[in-house]
Amino acid sequence: MATVHEIVDSPLGELLLIGEASGTAPGGTALTSLSLPGQKGAALAADGGRREPAAFREIVRQLEAYFAGERIRFSVACTPGGTEFQRKVWRALEDVPYGRTTTYKEIATRVGTSAVGVRAVGTAIGRNPLLVVRPCHRVIGADGALRGYAGGLPAKAHLLGLEGALPS
């Protein structure tokens, strides 16, 4: 399937959006990846085929509303990606409400893995290709500390601050 990409400005810096054409997605593009500047393991524009701003109009509109504090949930079609376990963890992330945080252990419990599985949950969260849209920034350490965000802890703190959920 042909991929397209776009680079958009945000309070976090330039975001790289990569998507695939979809007849059922709002705006006609299913999001494959949303990367932040300097993100560990981020996709590259070369991975996203040609640049096509119009393909991401709806996604960009929702991101702008989120960063303006006017949107608390995304309704963006996404390509599935990941392993079955990763998708299970990522679905659990989508259930964490705006303005709230959870812990890696709580996500592990939600997906039915033991306390030993917390590390596997952390790894799955770290491989989330849809930062911001799939809210892995809402997962913090059991002690309330900000931990492990592929986009960097300053970006995680910014997103949690925007949502009024920054731990004190």
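# Notebook: contacts, burial and cysteines in a predicted chain

**Entry 1: overall fold.** I began with the contacts of the protein chain: of those with a separation of 6 or more, 56% join residues 24 or more positions apart. The model I worked from is predicted. I counted five helices and six strands in its secondary structure. Read from the N terminus, I found the order of elements to be β-β-β-β-α-α-β-α-α-β-α. I then looked up the radius of gyration, which is 15 Å; the globule rule gives 15 Å for 168 residues, so the chain is as compact as a globular protein of that length. The C-alpha trace spans about 45 × 30 × 25 Å along its principal axes.

**Entry 2: surface and charge.** I noted that 43% of the 168 residues are buried. The chain exposes about 8400 Å², and I recorded that 53% of this area comes from carbon and sulfur atoms. For the charges, I took the mean position of the 19 positive ones and that of the 15 negative ones; the two means lie 8 Å apart.

**Entry 3: helix H1.** I asked which residues of helix H1, spanning 57–67, are buried. They are Ile 59, Val 60, Gln 62, Leu 63, Ala 65, Tyr 66 and Phe 67. I next traced what these buried residues pack against, and found three strands and a helix: E1 (3–8), E2 (15–21), E3 (29–35) and H5 (153–162). As background, I recalled that an α-helix has 3.6 residues a turn, so residues three or four places apart point the same way. Just after H1, I noted a positive phi of about 80 degrees at Gly 69.

**Entry 4: the loop between H4 and E6.** I looked up two residues of this loop, which runs between helix H4 (118–126) and strand E6 (139–140) and holds Arg 134. Is Arg 134 buried or exposed? With a relative accessibility of 6%, Arg 134 counts as buried. I listed its contacts, setting aside neighbours within four places in sequence: Trp 90, Leu 93, Glu 94, Asn 128 and Pro 129. Val 132 is found in this loop too. I recorded a phi near 75 degrees for Val 132, a positive value in a residue other than glycine. Val 132 is buried, at a relative accessible area of 1%.

**Entry 5: Val 118.** I located Val 118 in helix H4. Val 118 counts as partly exposed, with 23% relative accessibility; the cut-off for buried is under 20%. Not counting residues up to four places away in sequence, I found that Val 118 touches Tyr 104, Lys 105 and Ala 108. I also checked Val 118 against Ile 107: the two are eleven residues apart in sequence, and their C-alpha atoms are 8.0 Å apart in space.

**Entry 6: cysteines.** How many disulfides does the structure hold? I found zero. I then asked why Cys 78 is without a bond to Cys 136. The sulfur of Cys 136 is the closest cysteine sulfur to that of Cys 78, but it is 13 Å away, and that is too far for a bond. The cut-off I applied to a pair of cysteine sulfur atoms is within 2.5 Å. Taken from the other side, the closest cysteine sulfur to Cys 136 is that of Cys 78, again at 13 Å. I noted the surroundings of each residue as well: Cys 78 is partly exposed at 31% relative accessibility, whereas Cys 136 is buried with a relative accessible area of 4%.

Note on methods
Residues are numbered from 1 along each chain as its sequence is written. This is a predicted model: local features need pLDDT of at least 70, side-chain atom pairs count only at pLDDT 80 or more; totals for chains, interfaces and linings use all residues. Side-chain values use heavy atoms; hydrogens and water are left out. Buried means under 20% relative accessible area, exposed over 50%, partly exposed in between (1.4 Å probe, protein chains only). Helices (H or I, at least four residues) and strands (E, at least two) are DSSP runs, numbered from the N terminus. Contact means heavy atoms within 4.5 Å. The radius of gyration is taken over C-alpha atoms; the globule rule is 2.2 Å times the number of residues to the power 0.38. Accessible areas come from the Shrake-Rupley method with a 1.4 Å probe; for residues, only the protein chains shown count as cover. Lys and Arg count as positive and Asp and Glu as negative; His and the chain ends are not counted. The place of a charge is taken as NZ of Lys, CZ of Arg, CG of Asp or CD of Glu.
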